[in-house]
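Reader: I would like a close look at a single part of this model. Please take one helix and its packing, and keep it brisk.

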Amino acid sequence: MQSTPRHLKLLEKKLLSLPIDSDAMLVTELDGFLAGILVCPDLIMPGEWLPLVWGGTEEADAIFENARQAEQLVGLVMEHYNATALDLQSGRYAPVFEVDTRHDDVLWELWIEGFEAARQLRPESWISLLDGDEDTRTALTGLILLTRVAQGDGDLSEDKIKELTEHAPDLIGPWIESLHAWRVSQHRAGQPAPPPAPSFGKVGRNDPCPCGSGKKYKKCCGLN
């Protein structure tokens with residue numbers, strides 16, 4: 001089994017250190033969220049989605065003990081964002097799943113919850129993927145079906161739920177790569193799709209904020 005990258009272990013520790021009532025994401029949920037952000041037909045800047053990582057609260061004092069804690073967490077989130085973008089560009093994306101060690105069950109449901117949270121930021125823009133090729137349509141409809149399974153949708157048959165649940169861990173990675181391939185193809189064809197996801201380096205308190213606001217980080221997302 002592949003070992004967990006150091007930055008993910010530290011990121012998990014930092015997320016778990018936030019107040020229990022903050023509704024901060026777990027690492028596997030965050031991984032699905034970032035994947036959704038990166039393959040979204042629209043470019044979504046960090047200033048919009050970063051606060052959702054720690055529960056959507058914009059009051060920093062309610063979440064972080066100090067500016068250093070906020071800076072460390074944002075830096076780790078952006079490091080994983082960059083790593084995920086690089087994996088997608090190189091065709092080696094692998095979703096981060098929690099595993100129930102009692103039965104070795106892959107808990108993909110948290111990942112799909114994160115992905116759905118990203119999709120809901122631009123629900124209308126995802127419709128354009130249904131006009132894509134067969135792989136793109138299959139990927140999007142498959143991920144939406146997994147969301148319905150995770151949410152306990154009673155309209156699906158037991159056989160369909162069983163099939164999706166069994167194969168979900170093996171399908172999610174290829175489906176995300178299919179959506180990324182569509183995004184890249186639209187950009188190369190000159191269609192109205194966003195450019196490849198930008199890469200953000202380590203964020204210092206006095207550096208420009210990666211969200212593109214033009215403000216210093218400490219006065220922008222460092223406060224959020």
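Author: What follows is a look at helix α2, with its setting first and a few other sites after it.

The model is predicted. The protein has seven helices and two strands. Their order from the N terminus is α-α-α-α-β-β-α-α-α. Of its 224 residues, 42% count as buried. The protein exposes about 12000 Å². Carbon and sulfur atoms supply 48% of that area. Among contacts with a separation of 6 or more, 68% come from residues 24 or more positions apart.

Now the helix itself. Helix α2 covers residues 27-39. Ahead of it, a loop lies between α1 (6-16) and α2, and Asp23 sits in that loop. Asp23 is not a glycine, yet its phi is positive, at about 60°. Is Asp23 buried or exposed? Asp23 counts as exposed, because its relative accessibility is 61% and the cut-off for exposed is over 50%.

Thr28 belongs to α2. Its relative accessibility is 0%, so Thr28 counts as buried. What does Thr28 touch, apart from neighbours within four places in sequence? Its contacts are Val96, Phe97, Glu98, Leu110 and Trp111.

Next, the packing. Two packed helices are described by the angle between their axes and the distance between the axes. Take α3 as the first partner, at residues 46-53. The axes of α2 and α3 come within 11 Å. They cross at roughly 165°. Angles over 145 degrees count as roughly antiparallel, so α2 is roughly antiparallel to α3. The crossing of α2 past α3 is right-handed. On the α2 side, the contact is made by Leu30, Phe33, Leu34 and Ile37. On the α3 side, Trp49, Leu52 and Val53 make it. By class, this contact has seven nonpolar residues, no polar ones and no charged ones.

The other partner is helix α4, at residues 67-89. Here the axes of α2 and α4 come within 10 Å. Their crossing angle is roughly 55°. Why is this pair called oblique? Angles under 35 degrees count as roughly parallel, and roughly perpendicular starts at 65; the angle of roughly 55° therefore makes α2 oblique to α4. This crossing, too, is right-handed. From α2 come Leu30, Asp31, Leu34, Ile37, Leu38 and Val39. From α4 come Val77, His80, Tyr81, Thr84, Ala85 and Leu88. The class count for α2 with α4 is nine nonpolar, two polar and one charged.

Put the two contacts side by side. Leu30, Leu34 and Ile37 of α2 take part in the contact with α3, and Leu30, Leu34 and Ile37 also take part in the contact with α4. Phe33 is listed for α3. Asp31, Leu38 and Val39 are listed for α4.

One more threonine is worth a look, outside α2. Thr136 lies in helix α6, residues 134-150. With a relative accessibility of 1%, Thr136 counts as buried, because buried means under 20%. Leaving out residues up to four places away in sequence, Thr136 touches Leu129, Ser178, Leu179 and Trp182. Along the chain, Thr136 and Glu177 are 41 residues apart. Their C-alpha atoms are separated by 9.4 Å.

How values were computed:
Residues are numbered from 1 along each chain as its sequence is written. This is a predicted model: local features need pLDDT of at least 70, side-chain atom pairs count only at pLDDT 80 or more; totals for chains, interfaces and linings use all residues. Side-chain values use heavy atoms; hydrogens and water are left out. Axes are lines fitted to C-alpha atoms, for helices over the stretch in contact, and angles run from 0 to 180 degrees between N-to-C directions. Helices (H or I, at least four residues) and strands (E, at least two) are DSSP runs, numbered from the N terminus. Angles under 35 degrees count as roughly parallel, over 145 as roughly antiparallel, 65 to 115 as roughly perpendicular and the rest as oblique. A crossing is left-handed if the near helix is turned anticlockwise from the far one by less than a right angle, and right-handed if clockwise. Contact means heavy atoms within 4.5 Å. Ala, Val, Leu, Ile, Met, Phe, Trp, Tyr, Cys and Pro count as nonpolar, Asp, Glu, Lys and Arg as charged, and the others, Gly among them, as polar. Buried means under 20% relative accessible area, exposed over 50%, partly exposed in between (1.4 Å probe, protein chains only). Accessible areas come from the Shrake-Rupley method with a 1.4 Å probe; for residues, only the protein chains shown count as cover.
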